[in-house]
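Reader: I am in my first year and should like to learn to read a protein model closely. Would you please choose one residue, describe its setting carefully, and then work outwards to the parts around it?

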Amino acid sequence: MTATLLVEKQKVDHPPLELHYLGDKVLRQPAKRIAKVDDSIRKLAKEMLQTMYSANGIGLAAPQVGVNKQLLVVDCEQDKPDEPPLIMINPQITRTSEELCVVEEGCLSVPNVYMDVTRPRAIEVTYKDEHGRPQKRLFAELTARVIQHEMDHLNGVMFVDRVDNPLALAESLKKEGFSMQAVKPMT
């Protein structure tokens with residue numbers, strides 16, 4: 001189950017992909033399933049990782065770089081060069097823990113805005129890896145949270161939609177030049 005996409009866990013001078021930000025319509029479209037895992041998908045995953053590392057992120061979904069595909073990359077172990085990142089194609093959460101936790105989240109598509117979000121502490125996910133092989137794994141804590149956050153992007157949902165404190169959210173967004181009009185509350 002080792003990843004074969006070798007990407008150095010460091011910033012590059014010119015990230016290969018461009019990030020899209022809150023308010024961009026591409027972030028609100030449900031992503032399409034990937035029918036075939038081939039070199040173009042592996043290349044996209046590699047470029048997503050390079051872009052994510054360059055932006056100091058720990059997760060990135062394809063819609064955030066303007067690609068309407070169900071692909072996400074996660075790396076919560078960036079200080080461990082031998083620990084491969086997660087590459088998830090067509091991920092689906094098959095189980096969630098009853099235990100919830102509230103943790104502050106941020107997003108590369110909403111820079112400098114950090115707000116508390118409630119999510120299940122642990123999840124089970126089925127997905128295909130970068131070779132098209134089916135995988136089923138349990139994740140907990142930070143990795144589970146990042147996967148859920150990125151999977152939201154695949155459904156056109158952003159973490160700001162899950163924030164329970166609209167006043168604090170409006171203040172944070174305004175400070176960074178974003179509009180509350182771009183938020184679609186889940187409640």
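Author: Let us take Ala144, which is found in helix 2. The model is a predicted one, and what follows should be read in that light. Ala144 has a relative accessible area of 0%, under the 20% limit, and is therefore buried. If residues up to four places away in sequence are set aside, Ala144 touches Arg121, Ala122, Ile123 and Phe139. By contrast, the C-alpha atom of Ala144 is separated by 18 Å from that of Met52, a residue 92 places away along the chain.

Two of these contacts lead directly to a pair of strands. Ile123 has Phe139, in strand 7, as its bridge partner. Strand 6 covers residues 122-128 and strand 7 covers residues 134-140, and the two pair in the antiparallel sense over seven bridges. Lys128 stands opposite Pro134 of strand 7. Five residues lie between the two strands, which form a hairpin. In its turn, Gly132 has a positive phi of about 85 degrees.

On the way outwards, strand 6 is also joined to strand 3, by five bridges, and this pair runs antiparallel. Here Arg95 stands opposite Glu124 of strand 6. In general, strands of a sheet pair through backbone hydrogen bonds, either parallel or antiparallel. In this model, five strands form an open sheet in the order 1-2-3-6-7, with antiparallel pairing. Strand 1 (59-61) and strand 7 stand at the edges with a single partner strand each, so one side of each has no neighbour in the sheet. Neighbouring strands of this sheet are turned against each other by 40 degrees on average, direction ignored.

At the edge formed by strand 1, three bridges join this strand to strand 2 (residues 71-74), and the two run antiparallel. Leu60 stands opposite Val73 in strand 2. Helix 1 (residues 39-54) packs on the sheet, where it touches strand 1, strand 2 and strand 3 (86-96). The direction of helix 1 makes about 45 degrees with that of strand 2.

Two asparagines deserve attention for their backbone angles. As a general rule, most residues other than glycine have a negative phi. Asn56, in the loop between helix 1 and strand 1, has a positive phi of about 60 degrees although it is not a glycine. With a relative accessible area of 58%, over the 50% limit, Asn56 is classed as exposed. Asn90 lies in strand 3, and its phi is likewise positive, near 50 degrees. Its relative accessibility of 5% is under 20%, so Asn90 counts as buried.

We may now return to helix 2 and consider the empty space that it helps to line. Rolling a probe the size of a water molecule over the atoms shows where empty space is left. The largest pocket holds about 390 Å³ of space. It is lined by 21 residues, of which Ile58, Gly106, Cys107, Leu108 and Tyr114 are the closest to its centre. The elements that give two or more residues to this lining are strand 4 (100-107), strand 5 (110-120) and helix 2 (141-154).

Strand 4 and strand 5 are themselves partners, pairing in the antiparallel sense over seven bridges. A hairpin through two residues joins them. Along this pair, Val102 stands opposite Thr118 of strand 5.

Cys107 of the pocket lining raises the matter of disulfides. The count of disulfides comes to zero, since a pair of cysteine sulfur atoms would have to lie within 2.5 Å. For Cys101, the nearest cysteine sulfur is that of Cys76, 13 Å away, and Cys101 is in no disulfide. Its relative accessible area is 12%, so Cys101 is buried. Cys107 is likewise in no disulfide, the nearest cysteine sulfur being that of Cys76 at 14 Å. A relative accessible area of 10% places Cys107 among the buried residues.

To draw the account together, Ala144 is a buried residue in helix 2. Its contacts include Ile123 and Phe139, which are bridge partners. Helix 2 also gives residues to the lining of the largest pocket, as do strand 4 and strand 5.

Terms used:
Residues numbered from 1 in each chain as written. Predicted model: local features only at pLDDT ≥ 70, side-chain atom pairs only at ≥ 80, totals over all residues. Heavy atoms only, no water. Pairing = 2+ DSSP bridges. Helix = DSSP H or I, 4+ residues; strand = E, 2+ residues; numbered from the N terminus. Axes fitted to C-alpha atoms, helices over the stretch in contact; angles between N-to-C directions. Contact = heavy atoms within 4.5 Å. Buried < 20%, exposed > 50% of the residue type's maximum accessible area, 1.4 Å probe, protein only. 1 Å grid on protein atoms, 1.4 Å probe; cavity = no way out; pocket = protein on both sides within 12 Å on 5 of 7 lines; lining within 4 Å. Points joined across faces, edges and corners; volume = space filled by probe spheres on them.
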